[in-house]
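User: I would like a close look at one part of this model. Pick a single element, say what it packs against, and then follow those contacts outward.

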Amino acid sequence: MEFDENKEEEKYSEDDYVDIYSKRAIFWFSFFNLIFGGVLLVINLYNAGYRKAVPVVLAFVLFFSYLSYFVIMHSGVDLQQVVDAMNVTAKGGQPTAAQVTAMLSVAGLNIGFGLIGALILSQFFSGDIFRIMIIILSL
């Protein structure tokens, strides 16, 4: 294949492309709240013409959000300690060591699930493998 330097560049009109959110934007919105990142990804897929992929992404977002809630609720962390720590600090007091440990445990789980969900949305659902899967499913 030869590269022709003298070839005139193709002119594109403004209607030839769609505005999409970057993987970085999807990652950070998903990291802080998976639903917001999922909405950005759904907008990208819809605008790019992958309308059959929208229900798959929405199902993943709802499932993963429920899974993270379920794991945190059944993780063995005393959530009453977390509530008590928040009440104590809101009144200007200092929480106990057990309350701080409970808060850090819940925070660690939230960060872990946020990171995993953000990576899945920004890398898998924005990648070529997902597009190939959607094309195969639409046949």
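Analyst: Contact here means heavy atoms within 4.5 Å. Keep that cut-off in mind, and note that the model is predicted.

The part I pick is helix α5. Helix α5 covers residues 97-124. With 28 residues, α5 reaches 40 Å from its first C-alpha to its last, close to the 40 Å expected at 1.5 Å a residue. For context, the protein chain holds six helices and zero strands. Its elements run α-α-α-α-α-α from the N terminus on.

Which residues of α5 are buried? They are Q99, A102, V106, F113, G114, G117, A118, L121 and S122. Across the protein chain, buried residues make up 27% of the 139 residues. The buried residues of α5 pack against α1, α2, α3 and α4.

Start with Q99. Q99 lies in α5. Its relative accessible area is 9%, so Q99 counts as buried; the cut-off for buried is under 20%. Setting aside neighbours within four places in sequence, Q99 is in contact with Q81, D84, A85 and V88. Q99 also sits 8.7 Å from Q80, C-alpha to C-alpha, with their positions 19 residues apart in sequence.

The numbers 81, 84, 85 and 88 of those partners of Q99 point to helix α4, residues 79-90. Helix α4 passes a simple length check. Its twelve residues should span 16 Å at 1.5 Å a residue, and its end C-alpha atoms are 17 Å apart, which agrees. After α4 comes G92, whose phi is positive, near 95 degrees.

Now move along α5 to L121. Leaving out neighbours within four places in sequence, L121 is in contact with I26, S30, L34, G37, G38, L41, V57, F60, V61 and S126. L121 also belongs to the largest nonpolar core, which has 17 residues. L121 is listed there with L41, V57, F125 and F130 as touching the most other members. Helices α2, α3, α5 and α6 each supply at least two residues of this core. In soluble globular proteins, nonpolar side chains tend to be buried together.

One partner of L121 is G38. G38 lies in helix α2. Its relative accessible area is 2%, so G38 is buried. Not counting residues up to four places away in sequence, G38 touches S30, V57, V61 and L121. G38 also has a distant-in-sequence counterpart in G117: 79 residues separate them along the chain, and their C-alpha atoms are separated by 9.6 Å. G117 is one of the buried residues of α5.

Last, follow L121 to the α1 and α2 pair. Helix α1 (residues 23-32) and helix α2 (residues 34-48) pack at an angle of about 150 degrees, with axes 5 Å apart. That angle makes α1 roughly antiparallel to α2, because angles over 145 degrees count as such. On the α1 side, A25, I26, F29, S30 and F32 take part; on the α2 side, L34, F36, G37, G38, L40, L41 and N44 do. The residues of this contact divide into eight nonpolar, four polar and no charged. I26 and S30, as well as L34, G37, G38 and L41, are among the contacts of L121.

The chain-wide contact count closes the tour. Of the contacts with a separation of 6 or more, 62% join residues 24 or more positions apart.

Conventions. Residues are numbered from 1 along each chain as its sequence is written. This is a predicted model: local features need pLDDT of at least 70, side-chain atom pairs count only at pLDDT 80 or more; totals for chains, interfaces and linings use all residues. Side-chain values use heavy atoms; hydrogens and water are left out. Axes are lines fitted to C-alpha atoms, for helices over the stretch in contact, and angles run from 0 to 180 degrees between N-to-C directions. Helices (H or I, at least four residues) and strands (E, at least two) are DSSP runs, numbered from the N terminus. Angles under 35 degrees count as roughly parallel, over 145 as roughly antiparallel, 65 to 115 as roughly perpendicular and the rest as oblique. Ala, Val, Leu, Ile, Met, Phe, Trp, Tyr, Cys and Pro count as nonpolar, Asp, Glu, Lys and Arg as charged, and the others, Gly among them, as polar. The expected span of a helix is 1.5 Å times one less than its number of residues. A nonpolar core is a set of buried Ala, Val, Leu, Ile, Met, Phe, Trp, Tyr and Cys residues joined through side-chain atoms within 4.5 Å. Buried means under 20% relative accessible area, exposed over 50%, partly exposed in between (1.4 Å probe, protein chains only).
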